[in-house]
Each structure stands twice: as structure tokens, then as C-alpha cells.
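This report looks at charged pairs and nonpolar packing in one protein chain. Please view the sequence and structure first.

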Amino acid sequence: MEITAAYWDDEFDLPLPSPRPRREHGMLRRRRLPERLYANSRYRNELPTLAEEFDAATAASFIKDFLSSDDSDEPAVGWEDLAVNATAARLPDDDGRHERSSIRIEVAGYHLHHPIERHAGSDWVYGPIGASILHAPFEFEIQRDQGEMVFDMAIYWSTWSPGGPGRADVEKGLAALAEDGWVQD
């Protein structure tokens with residue numbers, strides 16, 4: 001998960017264009033990653049904060065610590081953007097399109113065998129992997145925009161696209177977001 005921060009005008013819920021905080025970008029990621037997973041910062045010279053596990057409590061603590069790390073006399077620091085560009089996704093239990101150890105995916109017209117990891121009785125895939133698989137199964141971004149939060153979700157793998165065997169799980173997730181007040185655009 002990457003964060004972009006700015007000095008924040010709480011009255012108008014807007015980032016201030018200048019000055020910029022001492023730490024404008026940060027990254028949280030798991031200490032141990034699946035083999036070949038590419039999970040590096042989009043920003044140069046940004047060292048990630050490492051955690052044993054990545055869960056909601058760890059993410060909330062990271063955000064709180066990151067935003068309080070600026071000890072200047074400037075206005076408060078607020079988050080402007082949160083992005084998750086390296087993810088793992090549980091394969092549907094009834095997806096018979098894969099073997100036990102890999103799933104066949106198509107990238108730029110070529111078929112590749114992507115490794116599957118087994119955790120807690122379920123099959124999981126992850127991405128991106130280096131230059132060959134450019135996107136994770138899912139990528140997420142939340143942006144603050146003048147009193148609104150915009151949540152973008154990109155689905156890059158057909159397993160979870162409309163008509164795919166994992167689409168029902170995506171629909172359940174979207175329904176849960178709607179129950180929490182998010183409006184689909």
C-alpha cells in the first residue's frame with residue numbers, strides 16, 4: 001500500500017499546493033513476499049515500512065504513524081491518495097481451469113503458467129511479477145477530492161471479470177461496499 005500526503009486545509013478538505021511535507025510518499029508492505037512478486041514503490045528512493053502481516057489494523061497504524069511523522073509547524077498533514085498495486089487474490093473453489101500448482105493466463109498474446117500458493121485450504125494468485133505480468137489480479141486506489149472519497153478498483157484478470165468464475169465474489173464485495181455507503185459510479 002502506498003500513501004501520498006500533503007499539508008491539508010481541514011476547513012475546505014483540500015490539499016495545500018505548497019509547501020510539501022518532508023515525507024510526501026510512503027509504502028507499507030509485507031516483509032516476506034511470494035517468490036518473484038514485484039512490490040516496489042512507484043517513487044524513487046522510497047524505502048518501504050515492513051510488516052509481518054498486512055491487515056486493516058496494520059494499515060491503519062501505518063497511516064496514522066506516517067501522517068504524524070511531520071513535526072514541523074506547518075498545517076496538519078493529511079492523506080491525499082492510497083494505492084494498492086500488488087495484491088493476492090483467492091481463486092474460486094469451483095474454478096477448474098487451473099492445475100494444483102499453476103494457472104494459465106494470457107499476457108500480450110502469450111500463455112504463461114502463473115504459480116499458485118496454497119494458504120488455509122484455498123488457492124491464491126498474486127501479482128505483478130516482474131516485467132512479464134504487469135498487473136496484479138486487482139488494484140485499488142482511494143483518492144480524497146474536495147470532501148469526497150473516490151475508490152477505484154481495477155480488475156485485470158479474467159477470472160474475476162464479468163462471466164468469470166470469480167465474478168460472484170466481486171459482486172459480493174461490491175455489495176458490502178454499497179452497504180457501507182459507497183456509491184458505484
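Which residue forms a salt bridge with arginine 31, and how far apart are the closest N and O atoms? The partner is glutamate 52, and the closest N and O atoms lie 2.6 Å apart. This is a predicted model. The pair links distant parts of the chain, 21 residues apart. Arginine 31 sits in the loop between S3 and strand S4 (49-51). Glutamate 52 sits in the loop between S4 and helix H1 (56-67). Arginine 31 is partly exposed, at 44% relative accessible area. Glutamate 52 is partly exposed too, at 40%.

**Other salt bridges**

The structure holds 10 salt bridges. Three of them are tabulated here, including the pair above.

| Salt bridge | Closest N to O | Separation in sequence |
|---|---|---|
| Arginine 31 and glutamate 52 | 2.6 Å | 21 residues |
| Glutamate 80 and arginine 20 | 3.7 Å | 60 residues |
| Arginine 42 and aspartate 81 | 3.8 Å | 39 residues |

Glutamate 80 forms a salt bridge with arginine 20. Glutamate 80 belongs to strand S5 (residues 77-84), while arginine 20 lies in the loop between strand S2 (14-15) and strand S3 (25-30). Glutamate 80 has 23% relative accessibility, so it counts as partly exposed. Arginine 20 is partly exposed at 33%.

Aspartate 81 also lies in strand S5, and its salt-bridge partner arginine 42 is in the loop between S3 and S4. Is aspartate 81 buried or exposed? Aspartate 81 counts as buried because its relative accessibility is 9%, under the 20% cut-off. Arginine 42 is partly exposed, with 42% relative accessible area. Shared partners join Glu2, Arg42 and Asp81 into one salt-bridge network.

**Nonpolar cores**

Nonpolar side chains tend to be buried together in soluble globular proteins. Here the largest nonpolar core has 14 residues. Which members touch the most other members? They are Met1, Ile3, Leu28, Phe62, Ile63, Phe66 and Leu67. Strand S1 (2-9), H1 and S5 each supply at least two residues of this core. H1 gives the most, with five residues.

Leucine 28 shows the packing in detail. Not counting residues up to four places away in sequence, leucine 28 touches Met1, Thr49, Ala51, Phe54, Thr58, Ala59 and Phe62.

Another core, of 10 residues, lies apart from the largest one. Ala89, Leu91, Trp157 and Val170 are among its members.

Methods
Residues are numbered from 1 along each chain as its sequence is written. This is a predicted model: local features need pLDDT of at least 70, side-chain atom pairs count only at pLDDT 80 or more; totals for chains, interfaces and linings use all residues. Side-chain values use heavy atoms; hydrogens and water are left out. A salt bridge is a side-chain nitrogen of Lys or Arg within 4 Å of a carboxyl oxygen of Asp or Glu. Helices (H or I, at least four residues) and strands (E, at least two) are DSSP runs, numbered from the N terminus. Buried means under 20% relative accessible area, exposed over 50%, partly exposed in between (1.4 Å probe, protein chains only). A nonpolar core is a set of buried Ala, Val, Leu, Ile, Met, Phe, Trp, Tyr and Cys residues joined through side-chain atoms within 4.5 Å. Contact means heavy atoms within 4.5 Å.
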